[in-house]
Amino acid sequence: MSERLKVGILGGTGMVGQRFISLLEDHPWFEVTVIAASPRSAGKTYEEAVGDRWKMAKPMPEAVKKIIVKDVSNVEEVVKDIDFVFSAVDMTKDEIRAIEEKYALAETPVVSNNSAHRWTPDVPMIVPEINASHADVIEFQKKRLGTKRGFVAVKPNCSIQSYAPVLTAWKDFEPTQVVVSTYQAISGAGKTFKDWPEMIENIIPYIGGEEEKSEKEPLKLWGKIENGVIVPATAPLITSQCIRVPVPDGHTASVFVNLAKKADKQALIEKLVTFSGEPQKLNLPSAPKQFIQYLEDDNRPQIKLDVDYERGMGISIGRLREDTLFDWKFVGLAHNTVRGAAGGAVLCAELLKAKGFIEAK
């Protein structure tokens, strides 16, 4: 494309906001031109507002350092010179729901990392390889809102990225029951070990709200559009436990699954490594060439070796084997702040642009 779309980042000073800015450096389609955050950051340069809280491994991009941060609540000021926004604001769910809808009503598409709108029936919750067709519900949402180009789209919880793609790849074998335990990195809480020394050499067996998300959100991904809303699937039945573990990035899942239709190991692996979707067909800029890799070594996947597979946008699976109580069990790994957060939202925006839902003003 000759001109890049102008993008705003809502909540740009937090960890996910920083990840958006890092990922969008030199993006071929999108250019960050506006950053918005809380009133305490407004009026400062981005470099001043972040200060010593830059949490990414690579340095802050030079292009954003001198951008003057705007007040995220001043919607008209934020949207006047941009084409769409990514949302990573840190507010209560009710506040997030309200502010994202305000941006949509201001005729500005919102692609959100937040959970507030995930269960709004006409808001698509998209993993582009899994349910790209759910973007079609946007037309019904715009009719409800009375907008011509404004809408909200979201990506799902970071923890489900490590196993929902596997269950999708195996849909022909009809998964019926799933037991999953996720072992989630501290960056999922927006933290580093410097911020959260209590996590060093520690495990916390509870993450508020995560288990419900892990059990219910995949069902919306597999749902269908009916009468202008997304009706979630009713199967498989998923039960989960979510545990915080002392690693910086990467959510690992231990998964047990029953299948209605029997399959051998090689057939299951073949489904994984050949699974692809619209991002691969459209050759979207952030799309992994191979979405899911299968690792034969018994000690893989590992955070240190595999979390950055396909620039953090791919899924790593290993230890697939038969179980004594369930049909099969495996271990999955996904990068929680790349594929599971900002990167997944960027890929979603690329899909929406390719499908004509996001355009220049």
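These questions and answers walk through a predicted model, from its sheets to its cores and its empty spaces.

Visitor: What is the strand order of the open sheet with parallel pairing?
Guide: Strands of a sheet pair through backbone hydrogen bonds, either parallel or antiparallel. In this parallel sheet, the edge strands are strand 3 (70-71) and strand 6 (152-154), and each pairs on one side only. The sheet has six strands, in the order 3-2-1-4-5-6.

Visitor: Which residue in strand 5 stands opposite Phe 86?
Guide: Start with the strands. Strand 4 covers residues 84-87 and strand 5 covers residues 110-112. They pair in the parallel sense over three bridges. Opposite Phe 86, in strand 5, stands Val 111.

Visitor: At about what angle does helix 5 run to strand 5?
Guide: Helix 5 spans residues 93-105. It lies across strand 1 (5-10), strand 4, strand 5 and strand 6. Its angle to strand 5 is about 155°.

Visitor: Which residues touch the most other members of the largest nonpolar core?
Guide: In soluble globular proteins, nonpolar side chains tend to be buried together. Here the largest nonpolar core holds 53 residues. Leaving out residues up to four places away in sequence, the contacts of one member, Tyr 103, include Leu 10, Val 72, Val 85 and Val 110. The members that touch the most others are Tyr 103 and Trp 170.

Visitor: How many residues are in the second, separate core?
Guide: Its members include Ile 9, Ala 37, Ala 88 and Leu 351. The size of this second core is 47 residues.

Visitor: What is the strand order of the open sheet with mixed pairing?
Guide: Its edge strands are strand 10 (237-244) and strand 12 (292-295). Each of these pairs on one side only. The twist averages 20° from one strand to the next. The six strands follow the order 10-7-11-14-13-12.

Visitor: Why is strand 11 described as largely enclosed by the rest of the structure?
Guide: Strand 11 covers residues 251-259, nine residues in total. Buried means under 20% relative accessible area. Strand 11 is largely enclosed because the number of its residues that are buried is seven of the nine.

Visitor: How many bridges join strand 7 to strand 11?
Guide: Strand 7 covers residues 175-184 and runs antiparallel to strand 11. One bridge pairs Val 179 with Phe 256 in strand 11. The number of bridges that join these strands is eight.

Visitor: Which residue of strand 14 is the bridge partner of Val 255?
Guide: Strand 14 covers residues 328-334. It pairs with strand 11 in the antiparallel sense over seven bridges. Thr 252 has Leu 333 as its bridge partner in strand 14. For Val 255, the partner is Phe 330.

Visitor: Is Thr 182 buried or exposed?
Guide: Thr 182 is found in strand 7. Beyond four places in sequence, it touches residues including Ser 159, Tyr 163, Cys 242 and Thr 252. Its relative accessibility is 1%, so Thr 182 counts as buried.

Visitor: What is the relative accessible area of Thr 45?
Guide: Thr 45 sits in the loop between strand 2 (30-37) and helix 2 (46-50). Apart from neighbours within four places in sequence, Thr 45 is in contact with Lys 65, Lys 66, Ile 67, Ile 68 and Val 69. Thr 45 is buried, and its relative accessible area is 14%.

Visitor: What distance separates the C-alpha atoms of Glu 77 and Met 56?
Guide: Glu 77 is found in helix 4 (residues 75-79). Glu 77 is partly exposed, with a relative accessible area of 28%. Along the chain, Glu 77 and Met 56 are 21 residues apart. Their C-alpha atoms are separated by 28 Å.

Visitor: Which helix gives the most to the lining of the largest pocket?
Guide: The largest pocket holds about 1,200 Å³ of space. Of its 47 lining residues, Val 16, Ala 88, Val 89, Asp 90 and Asn 114 lie nearest its centre. The elements that give two or more residues to the lining are helix 1 (15-24), helix 5, helix 9 (210-221) and helix 13 (338-354). The one that gives the most, with four residues, is helix 1.

Visitor: What is the volume of the largest cavity?
Guide: Rolling a probe the size of a water molecule over the atoms shows where empty space is left. The residues that line the largest cavity include Ile 126, Pro 128, Lys 155 and Arg 339. The volume of the largest cavity is about 30 Å³.

Methods. Residues are numbered from 1 along each chain as its sequence is written. This is a predicted model: local features need pLDDT of at least 70, side-chain atom pairs count only at pLDDT 80 or more; totals for chains, interfaces and linings use all residues. Side-chain values use heavy atoms; hydrogens and water are left out. A nonpolar core is a set of buried Ala, Val, Leu, Ile, Met, Phe, Trp, Tyr and Cys residues joined through side-chain atoms within 4.5 Å. Buried means under 20% relative accessible area, exposed over 50%, partly exposed in between (1.4 Å probe, protein chains only). Contact means heavy atoms within 4.5 Å. Two strands pair if DSSP finds at least two bridges between them. Axes are lines fitted to C-alpha atoms, for helices over the stretch in contact, and angles run from 0 to 180 degrees between N-to-C directions. On a 1 Å grid over the protein atoms alone, a cavity is a set of points where a 1.4 Å probe fits but cannot get out, and a pocket is an open set with protein on both sides within 12 Å along at least five of seven lines; lining residues have an atom within 4 Å of a point. Grid points are joined across faces, edges and corners, and a volume is the space filled by probe spheres set on the points.
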